Amino acid sequence: MSALFNTLDKIKPIYDVTYKIILFICKVLLCGDILITSMAVLGRYVSFIPDPAWSEEIVLTLMAYMAVLSAALAIRRGAHIRMTAFDRYLSDGLLKALDLLADIAVFALAWIMIIVGFQYAAKIGSIGTYVSMPSVSKFWLYFPVPLAGIAMVVFEIEAIYNHIKSICIKEEK
């Protein structure tokens with residue numbers, strides 16, 4: 001059994017690269033948010049700096065991307081808010097089983113985010129446009145949800161695998 005896990009562990013670098021790419025995207029989005037917001041605020045008080053009409057809508061869109069993508073990153077680190085008050089009273093096996101059950105539930109949620117999110121982005125998003133930029137579809141406002149769902153699926157596969165591995169490796173010893 002451990003030979004199987006050793007073989008499957010060889011794809012861990014793919015998860016590492018995926019994590020780094022999504023983290024880099026979040027950093028770029030944060031920098032964009034800060035720059036656009038700074039320009040908009042300064043533009044209100046300094047006459048030679050422009051205050052573009054589109055700044056608020058773009059900042060909100062970038063924040064939507066950052067929020068859901070960073071939530072996907074938290075899955076990999078195990079940094080989501082969770083109830084741990086009773087963990088010390090539960091057996092190790094039960095705790096691992098409950099963690100696995102929680103990850104399976106989040107995995108299902110991620111698939112719902114992908115399916116329903118794409119439906120919303122394609123249907124509702126294609127109808128509307130940004131008020132300050134009529135040539136840009138609202139698709140981009142709804143697209144973070146399925147995008148984050150894809151990232152969540154990737155990281156939940158790793159989390160579920162790690163739970164199964166921790167259960168099986170302990171049983172072998």
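# A walk from F5 to the cysteines

Start by selecting F5, which is buried at 4% relative accessibility (buried means under 20% relative accessible area, exposed over 50% and partly exposed in between, with a 1.4 Å probe and protein chains only). Before going further, note that this is a predicted model, where local features need pLDDT of at least 70, side-chain atom pairs count only at pLDDT 80 or more, and totals for chains, interfaces and linings use all residues. Residues are numbered from 1 along each chain as its sequence is written, and side-chain values use heavy atoms, with hydrogens and water left out.

**Rings**

Keep F5 selected and turn on the aromatic side chains: a search of the whole structure gives seven aromatic pairs. Rings of Phe, Tyr and Trp (its six-membered ring) pair if their centres lie within 6.5 Å; planes under 30 degrees apart are stacked, over 60 edge-to-face, and the rest tilted. Add Y161 and you have one of these pairs, with ring centres 5.8 Å apart and planes at 55°, so it counts as tilted. F5 sits in helix α1 (residues 2–8) and Y161 in helix α6, so this pair ties together parts that are 156 residues apart in sequence. Helices here are DSSP runs (H or I, at least four residues), numbered from the N terminus, and strands are E runs of at least two. Y161 is buried too, at 17% relative accessibility.

Now jump to F139 and W140, an edge-to-face pair at 4.9 Å centre to centre with 85° between the planes. Both show some surface: F139 is partly exposed with a relative accessible area of 22%, and W140 is partly exposed at 42%. Add F118 and F143 to the selection, and ring pairs link F118, F139, W140 and F143 into a cluster.

While you're there, pick K138 and Y130: K138 lies over the face of Y130, 5.8 Å from the ring centre. The cut-offs for a charge over a ring are NZ of Lys or CZ of Arg within 6 Å of the ring centre and within 35 degrees of the ring normal.

**The core**

Next, go for the largest nonpolar core, which has 22 residues; I22, L29, L73, M152 and F155 touch the most other members. Such a core is a set of buried Ala, Val, Leu, Ile, Met, Phe, Trp, Tyr and Cys residues joined through side-chain atoms within 4.5 Å. Colour α2 (12–45), α3 (55–77), α4 (92–127) and α6 (144–172), the elements that give two or more residues to this core. The biggest contributor is α3, with eight residues.

Zoom in on I22 in helix α2, buried at 10% relative accessibility. Leaving out residues up to four places away in sequence, I22 touches L69, L73, A151 and F155, where contact means heavy atoms within 4.5 Å. For a distance label, try I22 to A148: they are 126 residues apart in sequence and 9.7 Å apart C-alpha to C-alpha. Then click L73, which, beyond its neighbours within four places in sequence, contacts Y19, I22, L23, C26 and F155.

**A buried aspartate**

Move to D103 in helix α4. D103 counts as buried at 13% relative accessibility; outside the residues up to four places away in sequence, it touches E156, A159, I160 and H163.

**Cysteines**

Last stop: how many disulfides does a search of the whole structure find? Zero, with a disulfide taken as a pair of cysteine sulfur atoms within 2.5 Å. Select C26, whose sulfur is 11 Å from the closest cysteine sulfur, in C31, too far for a bond. C26 is buried at 9% relative accessible area, and C168 counts as buried at 19% relative accessibility.
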